[in-house]
Amino acid sequence: MGRGDLSDAEWERLRPLLPVSNGRCGRWRDHRQVIDGILHRVRTGVQWRDLPERFGPWKTVYERHRLWSADGTWERLLQLVQAAADAAGEIDWDISVDSTIVRAHQHAAGARTDSPSAPGSKGAEGMEHQDENAVAESRRPPGGGGAGGEGLGRSRGGFTSKLHLSADGRCRPLSLIVTPGQRADCTQLQPVLEKIRVPRSGLGRPRKKPDSLAADRAYSNGPIREYLRMRGIRHTIPEKTDSQAAHLRKGTGGGRPPGFDEDRYKRNTVERAINLLKQSRAVATRYDKRGYVFLGTATVAALAIWLRS
């Protein structure tokens, strides 16, 4: 077992959750070998063509990652691992929300706008998942409309993407969203929260509502506070200086200022979750041209955090 590969315990947790071949396109290459190759690339940021031979053909590893990023398999696996942790009472539902800028490598630019299917090679390896690839392309998230359509934009850091996430009280990502780097944090709080979906172990709807939420001043505005009140989510968000001044000017007519729990706000769980994600070099620097593939890369890093926590 190489450095960064799945341990036997981690593999036994993941193995029952993995999809099985439908038998129409032959057998899939061993899941464990391919997933170890994907983990190696996510951890090191190496080019797909430079993957060590012990992981098998690089194109098989890449195509499996692209396919599972497109059809939502990585997100489903993350949710199932979260569900097992929730059933064991191991999720702290006092969550935090934040975002982080990811510098895009020059190789991340130049995605084709016609979104063609990745060309397959001849032989057994090239025919692997042929039908599934067609399905994945039809379900692929919208993109291909230029850099913005692939979650690439301009910010103070230059050519960047932004990773928005929520994290539980144990510094593990619950949900992830990729946007262009200049996108404001406050516009993505609702999508990030609505993407939290932890299935129940038995009957019942997936859990989507946290016990409480903490966020920084970037999320301090009226619509966000109203949305959180409507959902019944207790929140700790510091008020902006201009909002405080407005309350003082209006006096009693300005209403009661929002409550603020300083001790709750000091928990830097989401910042530590970001640090854990960015220990993976393919997350700290974006190399993927497609936005949905980069989201899959970040989701793989999050899945590894959950498996190893």
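1. Let's start with a charged residue that sits inside: Glu10 has a relative accessibility of 11%, so it counts as buried, given that the cut-off for buried is under 20%. Please keep in mind as you read that this is a predicted model.

2. Which residue does Glu10 pair with in a salt bridge? The partner is Arg308, and the closest N and O atoms of the two are 3.3 Å apart. This pair joins distant parts of the chain, since Glu10 belongs to helix 1 (residues 8-14) and Arg308 to helix 13, with the two positions 298 residues apart. Unlike buried Glu10, Arg308 is partly exposed, at a relative accessible area of 39%.

3. Helix 13 itself deserves a look. The helix covers residues 291-308, which makes 18 residues. From its first C-alpha to its last, helix 13 reaches 26 Å, close to the 26 Å expected at 1.5 Å a residue. Is helix 13 largely enclosed or largely open? Of its 18 residues, 17 are buried, so the rest of the structure largely encloses this helix.

4. Ser280 is a good place to stop next. You will find Ser280 in the loop between helix 11 (269-277) and helix 12 (281-284). With a relative accessibility of 12%, Ser280 counts as buried. Once neighbours within four places in sequence are left aside, its contacts are Val42, Arg43 and Ala301.

5. Back to charges, with a short reminder: side chains of opposite charge can pair when their charged atoms come close. Across the whole structure, a search finds 13 salt bridges. One of them is the Glu10 and Arg308 pair from above, and two others follow here.

6. Asp92 forms a salt bridge with Arg267, where the closest N and O atoms are 3.1 Å apart. Asp92 lies in the loop between helix 4 and strand 1 (94-104), while Arg267 lies in the loop between helix 10 (262-265) and helix 11, so this pair ties together parts that are 175 residues apart in sequence. Are these partners buried or partly exposed? Asp92 is partly exposed, with a relative accessible area of 22%, and Arg267 counts as partly exposed at 28% relative accessibility.

7. Glu226 and Arg229 offer a local case. Their side chains meet in a salt bridge at 3.2 Å, N to O. Both residues are in helix 8 (residues 222-231), and because they are three residues apart there, about one helical turn separates them. Glu226 is partly exposed, with a relative accessible area of 40%.

8. Now for some helix packing. Helix 3 (residues 58-70) and helix 4 (residues 73-87) pack at an angle of about 75°, and their axes are 5 Å apart. The two helices are therefore roughly perpendicular to each other, as angles of 65 to 115 degrees count as such. Which residues meet where these helices pack? From helix 3 come His65, Trp68 and Ser69, and from helix 4 come Thr73, Trp74 and Leu77. Sorted by class, this contact has three nonpolar and three polar residues, with no charged ones.

9. Finally, please have a look at Gln188. Its place is in the loop between strand 4 (173-180) and helix 7 (189-194). Gln188 is buried, with a relative accessible area of 9%. Leaving aside neighbours within four places in sequence, Gln188 touches His164, Ile177, Thr179 and Arg183.

Definitions and conventions. Residues are numbered from 1 along each chain as its sequence is written. This is a predicted model: local features need pLDDT of at least 70, side-chain atom pairs count only at pLDDT 80 or more; totals for chains, interfaces and linings use all residues. Side-chain values use heavy atoms; hydrogens and water are left out. Helices (H or I, at least four residues) and strands (E, at least two) are DSSP runs, numbered from the N terminus. Buried means under 20% relative accessible area, exposed over 50%, partly exposed in between (1.4 Å probe, protein chains only). Contact means heavy atoms within 4.5 Å. Axes are lines fitted to C-alpha atoms, for helices over the stretch in contact, and angles run from 0 to 180 degrees between N-to-C directions. Angles under 35 degrees count as roughly parallel, over 145 as roughly antiparallel, 65 to 115 as roughly perpendicular and the rest as oblique. Ala, Val, Leu, Ile, Met, Phe, Trp, Tyr, Cys and Pro count as nonpolar, Asp, Glu, Lys and Arg as charged, and the others, Gly among them, as polar. The expected span of a helix is 1.5 Å times one less than its number of residues. A salt bridge is a side-chain nitrogen of Lys or Arg within 4 Å of a carboxyl oxygen of Asp or Glu.
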